[in-house]
Amino acid sequence: MRRVVLWTVVVLTALVLQSTVFAQISLGGTKPDLVYLVTIVLAFLEGPSSGAVAGFAGGMVEDFLLNLPKGITALTLTLVGYTVGTIRQFVVSPSPLLPVVVVGTATTAGILFNQIVAFLLGQLHVGAGEVVRVALLTGLYNSVLTPILFPVIRRVAETSRAKKVFRW
Amino acid sequence: MALYSRPRTTRLLVVSLVMLSLLTITVDYRGGQTGPLETIGKGALSVVGALQGAVSRVSRPIGNFFTGLAHVGSLRAENDRLKQELRQVQVHAKEVTTLTRQVAELEKLLKLEHRLSLRRTVTATVIGASVSNFEWTVNLDKGSADRIKVDMPVISGDGLVGHVVTVAPHVSVVQLIIDPDSAVAGRLSSSGETGLVIGQRNHPLTMDLVNPDANVAANETVVTAGYQSGLYPPDIAIGFVSHIYTRPGSLTKTIELTPAVDFSALEVVAVILRS
């Protein structure tokens, strides 16, 4: 229960920040997508199932604020969370740059996937070049923010982790 | 760390979440604007809107303070200029009041339909932008509780901003005219030729389907055409002509417009109320 409340607060904070403060400080007309960032970092720390659940929930909330068919972002972030969590299990690197690279790559890939689904549903109103540009810029912006936000999210993840999760 | 988890249960979980997402997409896609999911959407909008209002109330003065610091010198000059302008406007307003009364009397005398209706508006503050990078919308701090309805036009002191697309009790979402999904019927102010003004995101607006024989002057103002059944009332400034070209093989002219409104610094807008 405590876990659900904490993550709801995190996702809401992410949504509000990206639509207010970060909408003012944009990078080439692009704002970061903090819900993607939260999902990716969480999947990175907690593994594929937590990543998928957090991605689904966060994506659903974001979907309800958009003028697109609901469920597209939920679908994207479920897959992003699962993929990042799965790949993480096979990567052993102590480099502090790893989260930065993972967040950047996964954000760009996620946004491209998201827009492909939107295109298949006939909901894409911008050109392919613009989609790629925005995806790359958002990925870049998210990875720049990772060193600041990663410790915050890790802190929340540690306090919210249920005791039972320790399985070894 | 709980990096290890049993693969089978995880896979089952992911597959069910993906199915659930696909189901939501299908239900919403088929349900359209009246689907059951719209109600939940309004709830989410209300919650996020309230938070956005609180955050922008705090963050805007801080932002303004820093921009203010950088422009202290020019602010004083601007203040003097604004005071002067205000005085002129006050004088002008008195004349307008007299004229309005005279027009009303003459209209009554000539049994004309009441045409010079002063627009009833609701003033609202912009509290946030869209959460997405692919939608150009803003959220306002007023909603259906203030008689705002979907499709009502939104203007600012400079010109046309857009129209309302979603309303919750205390929040509403406005699609800006720079959204690629937005199209407004525009009219060149000097020649009266009409065309369709389409949003191009952060680039200048384009005005398509303009008669190739039309005379277009540089910097000319384009205003809303205001067709009978259209969304927007007539004669609201949309933008200024910046570039004119004819696409090869095209039968019509295309004009590029600089928007009249600075969308990066949108703060206070007015929603035009209509039945």
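## Where the two chains meet

Let's start with the contact between the chains: 43 residues of chain A and 41 residues of chain B take part in it. Keep in mind that this is a predicted model. On the side of chain A that touches chain B, at least two residues come from each of these helices: H1 (2–19), H2 (21–24), H3, H4, H5 and H7 (128–160). Sort that side of chain A by class and you get 23 nonpolar, 14 polar and six charged residues.

## Leu15, a residue to look up

A handy place to zoom in is Leu15(A), which sits in helix H1 of chain A. Is Leu15(A) buried or exposed? It has 25 C-beta neighbours inside 10 Å, and 20 or more are needed to be called buried, so Leu15(A) counts as buried.

Who does Leu15(A) touch? Setting aside neighbours within four places in sequence, its contacts in chain A are Val35(A), Val61(A), Glu62(A) and Leu65(A), and from chain B come Val48(B) and Val131(B). You can also look across to Ala74(A): it is 59 residues away from Leu15(A) in sequence, while the C-alpha atoms of the pair are 14 Å apart in space.

## H1 against H4

Leu15(A) also has a part in how H1(A) packs with H4(A). The two axes come within 10 Å and cross at roughly 45 degrees, which is why H1(A) and H4(A) are described as oblique to each other. The crossing is right-handed.

On the H1(A) side, the contact uses Trp7(A), Val11(A) and Leu15(A); H4(A) answers with Ala54(A), Ala57(A), Gly58(A), Val61(A) and Glu62(A). By class, that makes six nonpolar residues, one polar and one charged.

## H3 against H4

Now for another partner of H4(A). H3 (residues 34–46) and H4 (residues 48–63) of chain A have axes that come within 7 Å and cross at roughly 165 degrees. The pair is therefore roughly antiparallel, and the crossing of H3(A) and H4(A) is right-handed.

H3(A) brings Val35(A), Val38(A), Thr39(A), Leu42(A), Ala43(A) and Glu46(A) to this contact, while residues from H4(A) include Pro48(A), Ser50(A), Gly51(A), Ala54(A) and Gly58(A). The whole contact divides into six nonpolar, six polar and two charged residues.

## H5, a covered helix

Last comes H5, residues 72–88 of chain A. How far should its 17 residues span? At 1.5 Å a residue the expected span is 24 Å, and the end C-alpha atoms are 24 Å apart, so the two agree. H5(A) is also mostly covered, with 15 of its 17 residues buried.

Methods: Residues numbered from 1 in each chain as written. Chains lettered and ligands numbered in written order. Predicted model: local features only at pLDDT ≥ 70, side-chain atom pairs only at ≥ 80, totals over all residues. Helix = DSSP H or I, 4+ residues; strand = E, 2+ residues; numbered from the N terminus. Expected span 1.5 Å × (residues − 1). Buried ≥ 20, exposed ≤ 12 C-beta atoms within 10 Å, placed from the backbone. Axes fitted to C-alpha atoms, helices over the stretch in contact; angles between N-to-C directions. Parallel < 35°, antiparallel > 145°, perpendicular 65-115°, else oblique. Left-handed = near helix turned anticlockwise from the far one by under 90°. Contact = placed C-beta atoms within 7 Å. Nonpolar A, V, L, I, M, F, W, Y, C, P; charged D, E, K, R; others polar.
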